[in-house]
Amino acid sequence: MTSPAPARPRRLVRAGPVMLRLTLRGMAARKGRLVLSCAAILLSVAFVTGALVFSESVSSAYRVEEPDVTVTAAQDGGTIPETLLAAVRAVPGVASADPDVTVDDAAVTDARGKVVDRAADGGSALASIGTKTTIPTLAGAWNPTPRATARLAAGRAPRGPREAVLDRVSADRARVRVGDVIRIVAVPGAFRATVTGLADFSGTDPGNTRVWLDLPSAQRLLLGRPGALTSITVGGGTRLPRRDLARRVSAAVGGAARAR
């Protein structure tokens, strides 16, 4: 009696290559679905990335080296007397105290009467989404401190009531050059000034038009109140906490202003 022949060993089939072939075959059979799926993923990633970049750009547009304490009027929209500067600078722990005048109700035109406003003419990315009201034209006092939002890029700083510095991007878009005359409209009245300098923003460009005068001119022509300020920016030492510094400054200015 002959013994049965030994059974041949079964060939093991690797699942990996088979699954890969099946996957590739399925993808080839449904190319349209594959393309749409990839496009959906790419668009989703692009949308999220764009939203994050836009949010950071808007935030950093207004982000400068913040003062440790800011002194403003007790009532919103009010002014404080410039005489408070001496009291603030005398506070122990105060390293610097700088006067500021800034108004957001001004308008600028060139010599031909054309409005100089980047946010209104599409010069700002924010204007395309209807946020013009959040970035008005700002006019204020030129004060080149370490915490200033702009630096002189061409020309010189303003001196006297008939001179001004304009941000360079607005000047380029409006074709305004150093030596040209612009018209500034503020609450106290309208006046003309010669552009003596162009300024670049220290951080990210906020996208709105900015114009600066010297401090006495800003007080008189923008506020209509010589000797008045809209705020005082205070810098302290590294050892004193901001809360303690604000408490000291608040006690020094009394009820005429608030420090925060």
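Start by selecting helix H6 and showing its side chains: the buried residues of H6 pack against E1, helix H3 (84-89), E3, E13 and E14. You are looking at a predicted model, so keep that in mind along the way.

**Stop 1: helix H6**

Pick out Leu245, Ala246, Val249 and Val253, the buried residues of H6. Now look down the helix axis: these buried residues fall within an arc of 100 degrees, so they line one face of the helix. The spacing fits a general pattern. An α-helix has 3.6 residues a turn, so residues three or four places apart point the same way. Turn to the other side of H6 and you will find Arg243, Arg247 and Ala251 exposed.

If you like a quick check of geometry, select the two end C-alpha atoms of H6. They are 16 Å apart, in agreement with the 16 Å that twelve residues should span at 1.5 Å a residue. Then step just past the helix to glycine 254, which takes a positive phi of about 70 degrees.

**Stop 2: the sheet under H6**

Keep H6 in view and add E1, E3, strand E13 (231-236) and E14, since the helix (residues 242-253) lies across these strands, running at about 30 degrees to E1. In what order do the four strands of this open sheet come? Reading across, the order is E3-E13-E1-E14, with antiparallel pairing. Strand E3 (94-100) and strand E14 (257-259) are the edges, each pairing on one side only. Neighbouring strands here are turned by 20 degrees against each other on average, direction ignored.

Zoom in on strand E1 (residues 69-73) and E14, which run antiparallel and are joined by three bridges. To see one bridge pair, select threonine 72 together with its partner in E14, arginine 258.

**Stop 3: strand E8**

Next, select strand E8 (residues 163-167). Five of its five residues are buried, so the strand is largely enclosed by the rest of the structure. Show the side chains: Glu163, Val165 and Asp167 point one way, Ala164 and Leu166 the other way, and all are buried.

Which strands pair with E8? Add strand E10 (residues 189-201), which runs parallel to E8 and is joined to E8 by five bridges; glutamate 163 has threonine 194 as its bridge partner there. Then add strand E11 (residues 210-213), which is antiparallel to E8 and shares two bridges with E8. In E11, valine 211 is the bridge partner of leucine 166.

**Stop 4: salt bridges**

The structure holds eight salt bridges, and three are worth selecting here. Begin with glutamate 163, which pairs with arginine 156, the closest N and O atoms being 2.8 Å apart. Is glutamate 163 buried or exposed? Its relative accessible area is 16%, so glutamate 163 counts as buried, whereas arginine 156, at 30%, is partly exposed.

Move on to arginine 168 and aspartate 200, whose closest N and O atoms are 2.4 Å apart. Arginine 168 lies in helix H4 (residues 168-174) and aspartate 200 in strand E10, so this pair ties together parts that are 32 residues apart in sequence. Finish the set with aspartate 172 and arginine 177, where the closest N and O atoms are 3.9 Å apart.

**Stop 5: threonine 149**

For the last selection, go to threonine 149, in the loop between strand E6 (138-141) and strand E7 (150-155). Threonine 149 is partly exposed, with a relative accessible area of 29%. Draw a distance from its C-alpha atom to that of alanine 199: the two are 50 residues apart along the chain and separated by 9.7 Å.

Note on methods: Residues are numbered from 1 along each chain as its sequence is written. This is a predicted model: local features need pLDDT of at least 70, side-chain atom pairs count only at pLDDT 80 or more; totals for chains, interfaces and linings use all residues. Side-chain values use heavy atoms; hydrogens and water are left out. Two strands pair if DSSP finds at least two bridges between them. Axes are lines fitted to C-alpha atoms, for helices over the stretch in contact, and angles run from 0 to 180 degrees between N-to-C directions. Contact means heavy atoms within 4.5 Å. Buried means under 20% relative accessible area, exposed over 50%, partly exposed in between (1.4 Å probe, protein chains only). The expected span of a helix is 1.5 Å times one less than its number of residues. The arc is that of the directions from the helix axis to the C-beta atoms. A salt bridge is a side-chain nitrogen of Lys or Arg within 4 Å of a carboxyl oxygen of Asp or Glu.
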